[in-house]
Amino acid sequence: MTFELAVCLLVTAAALFYVFYLPGTLYLGPKKTRAGYLRERKDAVYENLRDLNFEYKAGKLPDADYQSLKSSLQDEAATLLAEIARLESKPVVAGRTRP
C-alpha cells in the first residue's frame with residue numbers, strides 16, 4: 001500500500017513539474033508594432049471580402065446582406081489603409097516617431 005502511494009505521489013509530482021515548469025528563456029516571437037497589426041488586420045479583411053464575394057456568387061447570401069457586409073468591410077479596409085499610410089509617412093528617429 002505505501003509503495004503504491006509513493007508511486008502515485010511521484011507520478012503526480014512529475015506531471016505537475018512537466019505542466020508548470022518554465023525554462024530559463026522563452027521565445028516570445030517578434031515584437032508586434034501597430035503597423036504590423038494593421039497589416040495583419042488588412043489581410044484578414046481582404047480575405048473576408050474574398051469569402052463574402054464567393055458566398056454571394058454561390059447564391060448563399062441575399063443581395064441586401066451582401067451589399068451591407070461588403071460596404072462595411074470596404075470601409076474598414078479603407079480605414080486600415082489610411083492609418084497604415086499615416087504611420088508609414090511619419091519619419092522615425094531613434095525608435096520614436098516625431099509629432
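Partly exposed means a relative accessible area between the buried limit of under 20% and the exposed limit of over 50%. Arg-86, at 40%, is therefore partly exposed. The legends below describe a predicted model.

**Figure 1. Overall view of the predicted model, with three helices and two strands**. Along the sequence the elements run α-α-α-β-β. The radius of gyration is 26 Å, well over the 13 Å that the globule rule gives for 99 residues, so the protein is more spread out than a compact globule. The C-alpha trace spans about 70 × 50 × 15 Å along its principal axes. Of the 99 residues, 12% count as buried. The accessible surface comes to about 8,500 Å². Carbon and sulfur atoms account for 63% of that surface. Take the contacts between residues at least 6 apart in sequence: 59% of them join residues at least 24 apart.

**Figure 2. Charges and salt bridges across the protein**. The protein carries 14 positive and 12 negative charges. Their mean positions lie 11 Å apart. Side chains of opposite charge can pair when their charged atoms come close. A search of the whole structure finds six salt bridges. Among them are Glu-76 with Arg-41, Glu-55 with Lys-60 and Glu-83 with Arg-86.

**Figure 3. Close-up of the salt bridge between Glu-76 and Arg-41**. The closest N and O atoms are 2.7 Å apart. Glu-76 lies in helix α3 (residues 63-89) and Arg-41 in helix α2 (residues 34-57), so the pair ties together parts that are 35 residues apart in sequence. Glu-76 is partly exposed, at 27% relative accessible area. Arg-41 is also partly exposed, with a relative accessibility of 27%.

**Figure 4. Close-up of the salt bridge between Glu-55 and Lys-60**. Here the closest N and O atoms are 3.9 Å apart. The cut-off for a salt bridge is 4 Å, so the pair counts. Glu-55 is partly exposed, with 29% relative accessibility. Lys-60 is exposed, with a relative accessible area of 58%.

**Figure 5. Close-up of the network that links Arg-34, Glu-83 and Arg-86**. Salt bridges join these three residues. Glu-83 and Arg-86 meet through their side chains at 3.6 Å, N to O. Both residues lie in helix α3. They sit three residues apart, about one turn of the helix. Arg-86 is partly exposed, at 40% relative accessible area.

**Figure 6. Close-up of Lys-42, a buried residue without a salt bridge**. Lys-42 lies in helix α2. The nearest side chain of opposite charge belongs to Asp-43, 4.1 Å away. A salt bridge needs a nitrogen and a carboxyl oxygen within 4 Å, so Lys-42 and Asp-43 do not form one. Leaving out residues up to four places away in sequence, Lys-42 touches Leu-80, Leu-81 and Ile-84.

**Figure 7. Close-up of Ser-71 and Leu-49**. Ser-71 is found in helix α3. Its relative accessible area is 34%, so Ser-71 counts as partly exposed. Ser-71 and Leu-49 are 22 residues apart in sequence. In space, their C-alpha atoms are 9.7 Å apart.

Key: Residues numbered from 1 in each chain as written. Predicted model: local features only at pLDDT ≥ 70, side-chain atom pairs only at ≥ 80, totals over all residues. Heavy atoms only, no water. Helix = DSSP H or I, 4+ residues; strand = E, 2+ residues; numbered from the N terminus. Rg over C-alpha atoms; globule rule 2.2 N^0.38 Å. Buried < 20%, exposed > 50% of the residue type's maximum accessible area, 1.4 Å probe, protein only. Contact = heavy atoms within 4.5 Å. Areas by Shrake-Rupley, 256 points an atom, 1.4 Å probe, with all protein chains shown as cover. Lys, Arg positive; Asp, Glu negative; His and termini not counted. Charge placed at Lys NZ, Arg CZ, Asp CG, Glu CD.
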